Amino acid sequence: MTLWFLRGLRRGVVTTWYPARPDSSAASLPTPPVFRADVLDRATADRLVEVCPSRALRRESDTLIFDLGACTACGRCQDAAPEAATPSGEFELAATSRAHLVKRIPLLREARS
Amino acid sequence: MNALTWFYLAAAGWGLAAATVLAGRGAQLAIRVACALSGLAGAAALAGGASALWWGDSRVITAGGSVVVGTLQLQATSLGGIFAALLGLVAVAIAAFAPRYHQAGPGTGIYLGVFNLALAACLAVLAAANVVTFLVAWESVALLCYLLILRNPGRPEAAAGAFWFLALSEAGFVLVVAAFVILAAKTHTMQLDLIAARAHLVPAGWRDAAYLLALTGFGFKAGLVPLHVWLPEAHPVAPADGSAFLSGLVVKLGAYGIALFAFRLLPVGPAWVGLLTMAAGAVTAAIGILYAMNERDLKRFLAYSTIENTGIIVTAFGAAMIFGAYRQRALWAFLLLAGLYHVANHGTYKTLLFLEAGVVEHATGTRDMDRLGGLIHRLPRSAVITLVGTLGIATLPPLNGFVSEWLIFQGLFQGFRTGSHLIGILIVVAAAALGLTGGLAIYAFVRGFGIPFLGMPRTRQAREAAEHGQPVAGPALLAVSCAALAVGAPLVILALSRAVGTVTGVALRPVLLPGNLTVIPAHTDFSAFSPTYLAVFLVAVTVVPVLIYLAGRPRADSVTASVWDGGMVTFKPRMQYSAMTFSAPTRVTFDALYRPSVSLHRASDDPAGRSGPVHYETEVTPVFERYLYRPVIRAVEWLADLVRPIQSGDVNLYLFYVFAMIILAYLLGAL
Amino acid sequence: MTASNPSIRGQRDGASAQAAESGSGTDAEQKAADQLRQRIASQFRRSLHIRTLDTGSCAACEQEIRLLAAPHYDLHRLGLFFTPAPRHADLLMVTGPAIRAFDVAARKTYEAMPGPKIVVATGACALGGVYPSDAFMHGSVSEILPVDVWIPGCPPSPLALLQGLLVAVDRLAEKVADLTFAADGPTVEVPE
């Protein structure tokens, strides 16, 4: 019992201070991507849509519809088009409405078909 | 009227009842008339017992006899008074119960005739004033009870159960005869009063030997461990009222015998005798309830509970003897009072529970707890009555079991007054054993009431049980008596203290009830308790908040939702606790005592058991039967084999025996 | 009963997007609903009892939820507690795609909770992001229960869960509504 107590004293406090202070482990969390509207054209968008295993991405004419609710932060879209999709670093994604989780990203108008 | 007169009336009533039902060959009318007579006789016995309690010993009546059997002498004593009152109450309850329970027929006629004669024989035991009367009455009780148990001789287990009863009864009888013979020889009289007066002349060694023989001999009847094995064998096979009679009364006769020797016939002995008695009682109580936890058969369960309560009573007697040895006269008398009170209480609720077990068996066709369930819906009145009995036997306030247990505990806790540290510690250890027993008793009776009565019915028989036509009046009377014994505790204690005063010569009353309704355990500086106020308080503390709630209920809208059941879609009866799983923790904790054995057979080798049923069986080792009785039985059989050559069947050899005996007698006579 | 958002039918396509885009009519409704939700949620600020409900998940969300009670995240310091009894619970944390075999149990659990109560759908399955509605499952928890807060992730990390719970009791403001996940230029590794 004493050993455990002393060991605990040596280790110090391990509890996070979140939400009062940011948590140190937050930086290493996989997070949904943020899309570059100035780089995404229709072809890239279609490629991303095909690559996403969770069907979180959908293209509707000139808009990329991104459902955060389906995103698993697997990172395949980032691997497929690293200039178009980068990790957002956002993990505080709770929403009070399902609609808030569906994001519309406008595509480049000057797309080649 | 004189107590003895009441007893005569009772005995006459029972004799007449027996004659009626035997003559009527068990016709329905004959049964009703006989039971009515039996009930009246029971009321007379109750009056006689109460009268003996209050007014003390009556004079000794010599009622004839002969040179061969000795004189028949009767006396209504205050010690026997509470037992006689209990006998009367049990008789009345069973008289109300029997007509609806038994089916008319010659078998029932014989059974009820024997039963009424057994009641009269029990009364004779309690009113016996000399050794011979006592022994003759005792043996009559044993033989008549044997016939009672053997009600259904066709069934094989009936014969086995009855045989166990008779064998152990006879073993005890031999020891009791020996004890009485020692006392009678040393005091040169057969009359119990005179034995008591002259007992101080008996040398200490003989006195203690007589007591030990009596403790063991009566212990067979009372059910002290390890002499108890007949109880769980005999009770299930007897009819319900027979089992009720056995547990409610006949076992108490064993306690009466122990009390007779310890408090009336013999003077106060050395402390070790009391210690031995108390230890026997404490061990019996603990082992009794531990075995009760593992019984599925309702009647075996109740039989083991009887053993437990015998243990409690004998513990009280033993502790009283210890206090007597240390000249704490108030506590000596007080614990005797507490023990007698527990006798009355236990007789009442145990009879009730056995009668209700009979009702359950009658209604559902089974005694197995695991085949019952939900009977509170099918047999509501019986369930309420059984609940009263269960609360009593689990010694929960405000009922009578609590009062007598409290008295016993308060007596035991005053062990420090003996002045000896060792004795004080041992008395407290006994109290701890009783505490363990009490806790396990609550556990056991939650199981004993909850599994058959609450929950969902586990079988079709339980689902289709019907209350119509079941006897209710008898058990209801006993339930009312339980409540009366609790609320009227001051009155009962007053009467018992008068009786105890007559037996021990200690006037407890000034120390017992300083106020009107409060009980104090023999000394004013220890504790106090009022059963009446407690009952009132408990009722108030439940009723008053309910009234306040009903009056000032919040008017807000409330939503009624169904009971949270874990989100189950359908409940199946098999999802409930079974009797054995409910008591599984005791099997784990006390496995040194139980030595459970488990056998497991799978239909196939598939580890998930997918292709067939799995057979699981667990068994508790019958420790006493296997390690104590079987060796003794084998030794007896070996001895019998050794002696068998004498019985050759050859007439010539028998004639030689006769001749040899005549020569021997002649030679002895000549010397 | 809970005055949550009107039961949005958690479908992956269109409807939710349309609701967000459509005119001010539902917006006012939404505002009123939000206000009511906040009033209810603020009752629980520092004392919230959470009952988890698994409607058929792979248990990854459960593992993350269990970590909340571990020393690193320690939800007790925030006044949040787990309870197994719905009668004692204020918040129902639902994971899994709401398989049909679980309908009765889910409904019974929800009804056994006394009001006011909050329902939080946790993980991509519960949000309707993984399975379509078919013969075996509804696909989304909002089909069977009125959901107040959605926590995305597969599984959501304990930090995300904490944020979600605190949003549910109005101790943290919701962030994701204002995030666009669209950048006009190269992003630094700093969130929007």
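Is Asp193(B) buried, partly exposed or exposed, and what is its relative accessible area? In this predicted model, Asp193(B) is partly exposed, with a relative accessible area of 26%, and the first legend below takes up its surroundings.

**Figure 1. A salt bridge between two helices of chain B, formed by Arg264(B) and Asp193(B).**
The side chains of Arg264(B) and Asp193(B) meet in a salt bridge, with 2.9 Å from N to O. Arg264(B) belongs to helix H10 (residues 240-265) of chain B and Asp193(B) to helix H7 (residues 192-198) of chain B, so the pair ties together parts that lie 71 residues apart in sequence. Arg264(B) counts as buried, at 11% relative accessibility, whereas Asp193(B), at 26%, is partly exposed.

**Figure 2. The largest nonpolar core, with 202 residues.**
The residues that have the most contacts inside this core are Trp14(B), Phe134(B), Phe180(B), Phe245(B), Phe261(B) and Phe263(B). Helix H13 (residues 329-364) of chain B contributes the largest share of the core, 22 residues, and at least three residues are drawn from each of domain 1 (1-199) and domain 2 (330-549) of chain B. A second, separate core of 43 residues includes Phe35(A) and Ala85(A) together with Val147(C) and Trp150(C).

**Figure 3. The surroundings of Phe180(B), one of the residues with the most contacts inside the largest nonpolar core.**
When neighbours within four places in sequence are left aside, Phe180(B) is in contact with Val131(B), Phe134(B), Leu135(B), Leu192(B), Phe218(B), Leu260(B), Phe261(B) and Leu265(B). Two of these partners, Phe134(B) and Phe261(B), are also listed among the residues with the most contacts inside the core.

**Figure 4. Salt bridges of chain B around Glu295(B) and in a network that includes Arg367(B).**
Arg300(B) and Glu295(B) meet through their side chains in a salt bridge, at 3.0 Å from N to O, and Glu295(B) is buried, with a relative accessible area of 13%. Asp297(B), Lys299(B), Glu361(B) and Arg367(B) are joined into one network by salt bridges that share partners. Over all chains, a search of the whole structure finds 21 salt bridges.

**Figure 5. The interface of chain C with chain A, and the salt bridges of Lys175(C).**
Here 54 residues of chain C are in contact with 47 residues of chain A, and the two chains bury about 4,300 Å² between them, 57% of it on carbon and sulfur atoms. The count of salt bridges between chain C and chain A is two. Lys175(C) forms a salt bridge with Glu90(A), in which the closest N and O atoms are 3.3 Å apart, and this pair crosses from the loop between helix H6 (158-168) and strand E6 (182-183) of chain C to the loop between strand E4 (85-87) and strand E5 (102-106) of chain A. The side chain of Lys175(C) also meets that of Glu92(A) in a salt bridge, at 2.6 Å from N to O. Lys175(C) is partly exposed, with a relative accessible area of 33%, while Glu90(A) counts as buried at 5% relative accessibility.

**Figure 6. The interface of chain C with chain B, with the salt bridge of Asp565(B) and Lys108(C).**
Nine residues of chain C are in contact with eight residues of chain B, and the area buried between these chains is about 660 Å², of which carbon and sulfur atoms give 62%. On the chain C side, Arg87(C), Val104(C) and Lys108(C) lose the most area to chain B, together 56% of what that side buries. One salt bridge is counted between the two chains; Asp565(B) forms a salt bridge with Lys108(C), and the closest N and O atoms of that pair are 3.0 Å apart.

**Figure 7. Cysteines of chain A, Cys52(A), Cys74(A) and Cys77(A), in a structure that holds zero disulfides.**
Cys74(A) is in no disulfide, and the nearest cysteine sulfur, that of Cys52(A), is 6.1 Å away. For Cys77(A), the closest cysteine sulfur is in Cys74(A), at 6.2 Å, which is too far for a bond. Cys74(A) counts as partly exposed, at 40% relative accessibility, whereas Cys77(A), at 11%, counts as buried.

**Figure 8. The domains of chain B.**
Chain B is divided into domain 1 (1-199), domain 2 (330-549), domain 3 (591-621) and domain 4 (624-670). The centres of domain 1 and domain 3 of chain B, taken over C-alpha atoms, are separated by 48 Å.

Conventions:
Residues numbered from 1 in each chain as written. Chains lettered and ligands numbered in written order. Predicted model: local features only at pLDDT ≥ 70, side-chain atom pairs only at ≥ 80, totals over all residues. Heavy atoms only, no water. Core = buried A, V, L, I, M, F, W, Y, C linked by side-chain atoms within 4.5 Å. Buried < 20%, exposed > 50% of the residue type's maximum accessible area, 1.4 Å probe, protein only. Helix = DSSP H or I, 4+ residues; strand = E, 2+ residues; numbered from the N terminus. Domains from an automatic or database assignment. Contact = heavy atoms within 4.5 Å. Disulfide = S-S within 2.5 Å. Buried area = accessible area lost by both parts, 1.4 Å probe. Salt bridge = Lys/Arg side-chain N within 4 Å of Asp/Glu carboxyl O.
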